[in-house]
Structures are given as structure tokens and as C-alpha cells.
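Q: Please take a close look at one part of this structure, starting from the backbone in a loop. Then carry on from there to whatever can be said about the packing.

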Amino acid sequence: MAEMNQVASANRVHIGFFGCRNAGKSSLVNAITDQELAVVSDVAGTTTDPVTKSMELLPLGPVVIIDTPGFDDEGQLGDKRVKKTRQILNRADIAVLVIDGSRGMAEDDRLLVSIFKEKEIPYMIVLNKNDKDADTAGLGDKQDFGDVPVVSVSARTRSGIKELKETLARLVPEEDENHTFLGNLVNPGETVVLVCPIDSAAPKGRLIMPQQMAVRDLLDRGSIAVVVKESELEITLANLKKPGTGESLVSMVITDSQAFKAVSAAVPDEIPLTSFSIVMAKYKGFLETAIKGVAAIKNLKDGDKVLMAEGCTHHRQCGDIGTVKIPALLKKYTGKDLVIETCSGREFPEELTDYSIIIHCGGCMITERDVQYRMKCAMDQGVPFTNYGTAIALMTGILERSLRSFPEYTLL
């Protein structure tokens with residue numbers, strides 16, 4: 001269980017529970033998880049903010065359970081809760097619509113269904129409170145949803161909970177075994193050097209998520225991972241040569257973007273070089289957009305707004321990459337007086353047209369669906385979207401080299 005709970009949030013299936021006030025969402029979440037995860041009350045609107053819990057839920061495995069406020073909430077505070085619910089939908093892998101079976105389908109429930117379809121989220125419908133009325137299965141509503149699973153349960157008596165869990169398990173998207181962090185970049189038996197700077201921003205006692213993912217992927221495929229700081233890179237490369245021939249044994253070097261320039265100078269041109277951030281963009285499905293979007297940096301003008309967006313929240317330190325290093329590099333590269341704004345964590349602006357470009361982190365701590373949503377929001381509003389590693393590679397003059405390992409993408 002301890003090992004299961006160490007699975008990163010971004011790599012867990014996110015299951016969101018949605019519905020109107022007092023449909024029994026929180027009671028249902030408590031019944032499914034067999035924990036008092038959410039506060040329960042007969043008073044409508046008790047859940048005022050999303051409640052999130054990472055856990056193991058059999059037979060699904062590691063998941064993130066999200067209990068949301070009532071979608072039909074009213075007033076100014078209600079508007080904020082509804083907005084928060086919409087934001088949660090951006091990162092949900094599966095949506096569960098909870099309906100009070102004794103009252104039937106409401107207009108707000110139907111609106112939620114339309115949003116699920118719009119966002120292409122797998123969903124199911126749960127008719128709760130089947131202990132209150134013999135006719136709560138709501139079969140008259142069931143025909144409206146085609147192949148969408150409809151399960152009748154009672155959160156109070158726990159009837160139907162097992163069937164609900166089994167239905168959820170069937171909705172989990174099947175994993176693509178070929179969708180690995182490093183993809184087809186490395187073959188079994190090859191040696192890859194991973195350059196991992198250790199500075200004040202590095203997490204004490206551990207590697208950051210992309211570095212961990214690279215190490216694990218190399219081990220899984222039977223490749224050889226050599227992990228060094230940038231200060232030990234040259235001697236490492238010198239030692240990794242075939243005796244007698246001097247031919248390098250290194251098949252690829254992957255570096256933290258912050259050390260891109262120094263690492264590029266140390267790595268011979270014939271050895272493929274890229275960054276964890278660029279690999280992450282490929283893994284999350286937005287590298288092509290990032291390559292196209294990064295060209296907008298060259299056209300920035302005085303007064304243009306740039307949004308630096310991060311998927312996680314962390315304590316900002318001196319020399320922080322998103323708020324200090326990249327903004328300084330931007331101003332030096334463009335020579336323009338730019339307006340830099342930032343956002344982090346789950347907060348991402350809905351209105352983006354004021355920005356000339358969005359530079360996002362690799363997205364290692366948020367789901368692929370969430371990153372894709374942010375990218376699509378930018379594209380729909382005509383705002384260029386790129387990421388940290390691609391932007392740094394451009395501004396340090398090594399973008400072309402960093403993309404040689406991805407011949408399917410052309411540098412525009």
C-alpha cells in the first residue's frame with residue numbers, strides 16, 4: 001500500500017464526482033472509498049470547495065478521487081463553485097454524474113452531460129438514494145444515454161457500490177504499452193547520460209519527476225542510465241569510451257533545460273542531445289504545438305504580455321526558473337520591455353487573448369488531459385503556446401540540435 005500511495009498524482013486516474021446539491025455526492029464518495037473523506041450534511045451546498053484524495057481503489061488501482069461542489073449552486077459564491085467544477089473537468093479522466101434517484105434528472109444534470117461530451121470525458125451515471133423509493137432506478141431516464149453506464153445505488157446502505165466500482169474500472173482508458181516517457185528515443189543496451197543539476201531549487205533528497213521517469217524508463221527497457229551533475233559531465237563523457245578506439249559509448253544525453261547551454265558546449269555534436277522538458281512535451285502530446293509556438297518569441301514587442309504557467313505549486317526561491325530565469329532570458333533575448341505574468345497549480349486563466357505567448361512548464365505534475373486542455377484553450381484563442389525547454393533551447397541557440405532526435409517534427 002505504501003508503494004501504491006507513492007504514485008505521482010499526474011500518473012493516477014482522476015475520477016470526478018459531479019451533480020446537483022444534495023444529490024449525495026459526498027456520501028457516495030465516502031461509501032466508495034470506505035473513508036470519511038467528505039463532510040456530509042442534509043443541508044444543500046455543504047461541499048463548498050473540491051475535496052481531493054489520492055488513494056488505492058480496488059479494482060482500479062491508484063486513483064485521485066475528487067468530490068465537487070453542487071453544480072446548481074446559486075449566487076456569487078455559487079458562480080465561483082460552478083467555475084471550479086468546470087476547471088476540475090479539465091483534469092478528470094472519468095466523470096461520475098450523481099443524481100438523486102428520488103427526484104430524477106435535472107436540467108443542470110443534463111448540462112453536465114453535455115459538458116462531458118464536449119470535453120470527450122468517459123462518464124457514467126449513478127442514481128443515488130435507491131433506498132428511499134422503490135422506483136428510483138430511473139429507467140425512464142436511462143434510455144436517453146445510449147451506451148452510457150447507469151447504476152442504481154444507495155450511499156447510505158452501500159447497495160450497488162460494488163457494481164459501481166466495477167463499472168468505473170471498465171471506464172478506465174487502456175494503457176498504451178508503447179506510450180512510454182522516452183518513446184523510441186533509446187534502444188535496449190544503449191547508454192544514456194542524464195544531466196541533473198543540483199541547486200537551491202532542486203528538491204532535497206530526490207530527483208524531480210521527469211528525471212525519475214527517465215531513470216525508470218531506461219531501467220524498464222534494459223538500457224543503461226548514467227546520472228551526473230553538469231560539473232561532472234565532461235569527465236563522464238571522457239570515461240565512457242571504447243578502449244583502444246576512443247569511440248563514445250553514449251547514445252544520448254538528456255539534460256535539465258537550465259543547463260542546456262553549458263551541456264551543449266560539452267557534448268560532441270555527433271551525440272544526440274535534448275532536454276527533459278522537451279521529452280515531457282512529446283510525452284504529454286504538445287511538442288509539435290510548442291515548436292510552432294516558440295517562434296512567437298522572436299516577434300515580441302515592447303509592452304507585450306507573456307504568461308509563465310506552471311502546473312504545480314512550490315515555494316519560490318531565488319533564481320526560480322519560471323519567475324526569474326526565463327523572464328530574464330526573454331528580456332535579454334528580445335531586448336524588449338515585456339510584461340511577465342505568472343500562474344501556477346490548478347489556476348489557469350480562461351481568457352488568454354491579452355497574451356502574446358504562453359510559456360508552460362513541462363506539465364509533469366498535472367495530467368495529460370489538463371495539459372492538452374490548456375494547449376487547446378490557447379490555440380482556440382489564437383495565442384502561441386510553448387514550454388520551458390523549447391523556449392530556453394531557442395534563446396540559447398540550440399533548438400535545432402535539441403530537436404534532431406524528433407525528425408517527425410519540422411522546425412518552423
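A: In this predicted model, Asn22 sits in the loop that runs between strand E1 (13-19) and helix H2 (25-33). Its phi is near 65°, which is positive although Asn22 is not a glycine. Most residues other than glycine have a negative phi. Asn22 has a relative accessibility of 31%, so it counts as partly exposed.

Glu120 is another non-glycine residue with a positive phi, here near 55°. Glu120 belongs to the loop between H4 and strand E5 (123-128), and comes just after H4. With a relative accessible area of 62%, Glu120 is exposed, because the cut-off for that class is over 50%.

The helix before Glu120 can be taken next. H4 covers residues 107-118, which is 12 residues, and spans 17 Å from its first C-alpha to its last, close to the 16 Å expected at 1.5 Å a residue. Within H4, the buried residues are Asp109, Leu112, Val113, Ile115 and Phe116. Why do they fall on the same side of H4? The arc they cover around the axis is only 160°, and this places them on the same side of the helix. Glu107, Lys117 and Glu118 lie on the other side of H4 and are exposed.

Phe116, from the buried side of H4, leads to the aromatic rings. The model has 4 aromatic pairs. In one of them, Phe116 and Tyr123 have ring centres 5.3 Å apart and planes at 45°, a tilted arrangement. Phe116 and Tyr123 are both buried. Ring pairs also bring in Phe18, so that Phe18, Phe116 and Tyr123 form a cluster.

The pair of Phe286 and Phe385 has its centres 5.7 Å apart, and because its planes meet at 70°, where over 60 counts as edge-to-face, the pair is edge-to-face. This pair links distant parts of the chain: Phe286 is in the loop between helix H10 (276-284) and helix H11 (287-294), while Phe385 is in strand E14 (residues 385-387), 99 residues apart. Both of these phenylalanines, Phe286 and Phe385, are buried.

Strand E14 in turn pairs with E13: 3 bridges join E13 to E14, and the two run parallel. One bridge partner relation here is that of His360 with Asn387 in E14. On E13 (residues 355-360), 5 of the 6 residues are buried, so the strand is mostly covered. E13 is also joined to strand E11 (residues 305-309), by 5 bridges and again in parallel. In that pairing, Val306 stands opposite Ile357 of E13.

The nonpolar core is the last topic. In soluble globular proteins, nonpolar side chains tend to be buried together. The largest nonpolar core of this model has 76 residues, and those with the most contacts inside it are Val193, Val253, Ile297, Leu330, Leu352, Ile358 and Ile359. Leu330 can serve as an example: leaving aside residues up to four places away in sequence, it touches Ile297, Leu300, Val306, Met308, Gly335, Leu338, Ile340, Ile359 and Met395. Val306, named above as standing opposite Ile357, is thus among the contacts of Leu330. A second core, separate from this one, has 25 residues and includes Ala23, Ile65, Met124 and Val153.

Methods
Residues are numbered from 1 along each chain as its sequence is written. This is a predicted model: local features need pLDDT of at least 70, side-chain atom pairs count only at pLDDT 80 or more; totals for chains, interfaces and linings use all residues. Side-chain values use heavy atoms; hydrogens and water are left out. Helices (H or I, at least four residues) and strands (E, at least two) are DSSP runs, numbered from the N terminus. The expected span of a helix is 1.5 Å times one less than its number of residues. Buried means under 20% relative accessible area, exposed over 50%, partly exposed in between (1.4 Å probe, protein chains only). The arc is that of the directions from the helix axis to the C-beta atoms. A nonpolar core is a set of buried Ala, Val, Leu, Ile, Met, Phe, Trp, Tyr and Cys residues joined through side-chain atoms within 4.5 Å. Contact means heavy atoms within 4.5 Å. Rings of Phe, Tyr and Trp (its six-membered ring) pair if their centres lie within 6.5 Å; planes under 30 degrees apart count as stacked, over 60 as edge-to-face and the rest as tilted. Two strands pair if DSSP finds at least two bridges between them.
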